[in-house]
Each structure stands twice: as C-alpha cells, then as structure tokens.
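Thanks for making the time this morning. I would like to walk through the ligand sites of one model, and I will take them one after the other.

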Amino acid sequence: MAKTKEIKTIGVLTSGGDSPGMNAAIRAVVRKALANGMTVKGIKKGYQGLINEEFMDMDRHSVSEIIGLGGTILGTARCEEFKTPEGVQKGAEICRKHGIDGIVVIGGDGSYRGAQKLSHEGINTIGLPGTIDLDISCTDYTIGFDTAINTAMEAIDKVRDTSSSHERCSIIEVMGRNAGFIALWCGVANGAEDILLPEKYDYNEQTLINHIIENRKNGKKHHIIINAEGIGHSTSMARRIEAATGVETRATILGYMQRGGSPTCKDRYYASIMGAMAADLLKEGKTNRVVAQKNGEFVDFDIDEALAMSKSIPDYEYELSKIL
Ligand code: ADP
Ligand code: F6P
C-alpha cells in the first residue's frame, strides 16, 4: 500500500463570492491545524493570491476576534488564469516552492473545480462549501446561507411595512443568479404573495397581474413578490405591473447587503465544525475531498463525486409556498 503523504504545512484560501461565516471557517482551519501539529499559511485573494504568492503566516492569535466578522479576512477573487492548465501548474509549483503540502479551499462549485485540478497536480486539497446561494449539490448546508436569508428576511419585513401603509405592490429581488433557495426560503418566511425562482421558470406576468387584482378586491393592502436575481428585471416588471393593475408598484433590489454582515450562530457553529474537519482530513493525508452536511451529519465526499451530484428545489416545498 502506498505510504500516506505527511502534511506539515497547509494553506487556506477563500474563493468566489464571499459569504458570512468564512472567517469562522478560516479560524477553525487554523486552530485545528495548529492543534494537529501543522503550520498554516493564509493565502490572500483566492487562487489569484496563490499565483501571485500573497501569503501570510497564521498563528492562533492571527484569527482572534474574527468569528463574528462578515466577509473574509483573506480576501477573495475570481481568477481566470487558474482555469487554464498552466495556471493550475503554476499554483502547484508555488505551493511546492513554499513547502505547502495541502490547501483548504472555501468557496462554491467553481472553486471546487480548481481544488480538484490542484489535487491532480499533487497538492492535497479539501473543499469547504462557502456560498450564500445554498447551490452546492453535495451538501444540505452552505456557509453563509443562514445569515443571508435572515438578513433578507428582515429587510423584506421592512419593505412590507411601508408597502402596506401605502397599499402598494412590492417586487423584492433577492440574490441567486442560478439558484432560488434564498427566494424560496424568504418567500415562505415573509409570507410573500408570489415567488419567482429560476429553477421553476414559469413566469407569466398575466398570472401575477390577475393575482394582484384579485387580492386587491379581497382587501389585501400589500402584495409582495419575491423575485430571484436569476429572473431579474424587477424594475421594468414593476412598471408594467403598475400600468396593468393600477396598483402602485415598486421594485427593491436587496443586492450585496445579503452577502455581508455578522454571521448567525448557525453559520459560526457549522463553519467551525467544517473548518476543523478540513484540517483533520489533511492531517490524515486525504486529498480531493469536500466537507458536507447530509441528513444532519457532517460527512466528506470525493470532489469528483460531489461535482457529479445534482440538487433541485424540493417540489413539495415549492408547491407549499404557493398555498401558504
Ligand atoms: P464559486 O466558487 O463561488 O462557484 P466561481 O465559479 O466564480 O465561484 O469560481 C471561483 C474561482 O474558482 C474562479 O475564479 C477560478 O479561479 C476558479 N475556478 C472556477 N472554475 C474553475 C475550473 N473549471 N478550473 C479551475 N479553476 C476554476
Ligand atoms: O455569492 C453568490 C452570489 O451572490 C450570487 O447569488 C450572485 O449571482 C453572485 O454571487 C454575484 O457575485 P458577483 O457580483 O460578486 O460576481
């Protein structure tokens, strides 16, 4: 049997869109790796920082006071060069030059693809699910989703107050370019009248218009439509709906505020567990794995297997959102 490579020094990076809880994950990676007898280097600005050799030494103190901070202390970036074979080889060579045997990559599916390629170049890699969108197939939980839905829910409640006072229709656009999980959860939690999801693209403006007119006849003071970013066009939609219904209609695009802010307890706790697990997997000499939560348990999968999985909006939950 081949001898397992001993991992002495690891790197940690955050990649793709940031999400609340990434700092809690970084902190756990660093502290568990140190406890496991490994040395840790923080890699700034994702794969771009790896290629540019932007490193910082991480000790226990370097991650003090960050568990409650939004964003990522390491910074994040999107790096086109890393999508090329030359970019990945360069990244692996830089790891060897600096004695980095393994890397924890905190990000989404795209970042996992980079991690998968790096592992094929001989650098042990472990992925952690960091995205507010919940759109990583292998896991029921992603770092940042819980904070994002609570941020959006509170904002929608506020829009609803003013919408009700003015007897308006409000179209509120939430994040999720390809995924409607934020829209679905907030739609249910905020008691929205309509929810528009990219996965269930049956957008019919006339149906919305009829629904608004019917609700108005029944004395409803507001009409909240939660629209996922993937469908978009909230402002023009509002103009057309107002013209067709005679009901004053406004669009609110919540945007990047959903990606920031102090993480919830759940995001801090789960990110801490997952970060520690990543450090343990590297200590065991594992590579090309991702940490996930499935059916209430923390588990790990092969990245190839994880990327081949699919995830969809549960039909029951979507149908229920229309009834409630
Ligand atoms: P996310 O990780 O949130 O899905 P992206 O899809 O933007 O975000 O990916 C983040 C980064 O991961 C990219 O900028 C790139 O550096 C790297 N990446 C994405 N796809 C690949 C790929 N196919 N091969 C290598 N690296 C990739
Ligand atoms: O982090 C995920 C996400 O917020 C998506 O919902 C959104 O489409 C995307 O990131 C936008 O990211 P950026 O504008 O930074 O490319």
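In this predicted model, the side chain of Asp133 places an N or O atom 2.9 Å from an oxygen atom of ligand 2, and the side chain of Arg78 does so at 2.9 Å from an oxygen atom of that ligand. Arg177 also takes part through its side chain, where an N or O atom is 3.2 Å from an oxygen atom of ligand 2. With those contacts in view, the protein buries 84% of the 400 Å² that ligand 2 exposes when taken alone.

If you turn to the surroundings of ligand 2, you will find Arg78, Ile132, Asp133, Met175, Gly176, Arg177, Glu229, Tyr256 and Arg259. By residue class, this shell divides into five charged, three nonpolar and one polar.

Why does ligand 2 lie between the two domains? The reason is that domain 1, which covers 9–144 + 263–308, and domain 2, which covers 148–260, both contribute residues to the shell around ligand 2. As for the cavity search, ligand 2 is placed in the largest pocket.

Let me now move to ligand 1, which likewise sits in the largest pocket. Arg78, which we met at ligand 2, appears here again, with a polar side-chain atom 2.7 Å from an oxygen atom of ligand 1. The backbone contributes as well: an N or O atom of the Gly108 backbone lies 2.9 Å from an oxygen atom of ligand 1, and for Gly110 a backbone N or O atom lies 3.0 Å from an oxygen atom of this ligand. Of the 550 Å² of accessible area that ligand 1 has on its own, the protein covers 82%.

How many residues surround ligand 1? There are 15, and the closest are Arg78, Cys79, Gly108, Ser111 and Lys117. Which element gives the most to that shell? Helix 4, spanning residues 109–120, does, with six residues. In terms of class, the shell around ligand 1 divides into seven polar, five charged and three nonpolar residues.

To bring the sites together, I would ask you to keep Arg78 in mind, since its side chain reaches an oxygen atom of ligand 2 at 2.9 Å and an oxygen atom of ligand 1 at 2.7 Å. Beside that, please keep the placement of ligand 2 between domain 1 and domain 2, and the six residues that helix 4 gives to the shell of ligand 1.

Technical notes. Residues are numbered from 1 along each chain as its sequence is written. Chains are lettered from A and ligands numbered from 1 in the order in which they are written. This is a predicted model: local features need pLDDT of at least 70, side-chain atom pairs count only at pLDDT 80 or more; totals for chains, interfaces and linings use all residues. Side-chain values use heavy atoms; hydrogens and water are left out. A residue is near a molecule or strand if one of its heavy atoms lies within 4 Å of it. A polar contact is a pair of N or O atoms within 3.5 Å; within protein, one must be able to donate a hydrogen and the other to accept it, and residues adjacent in sequence count only if both atoms are side-chain atoms. Accessible areas come from the Shrake-Rupley method with a 1.4 Å probe; for residues, only the protein chains shown count as cover. On a 1 Å grid over the protein atoms alone, a cavity is a set of points where a 1.4 Å probe fits but cannot get out, and a pocket is an open set with protein on both sides within 12 Å along at least five of seven lines; lining residues have an atom within 4 Å of a point. A molecule sits in a cavity or pocket if more than half of its atoms lie within 2 Å of its grid points. Ala, Val, Leu, Ile, Met, Phe, Trp, Tyr, Cys and Pro count as nonpolar, Asp, Glu, Lys and Arg as charged, and the others, Gly among them, as polar. Domain bounds come from an automatic or database domain assignment. Helices (H or I, at least four residues) and strands (E, at least two) are DSSP runs, numbered from the N terminus.
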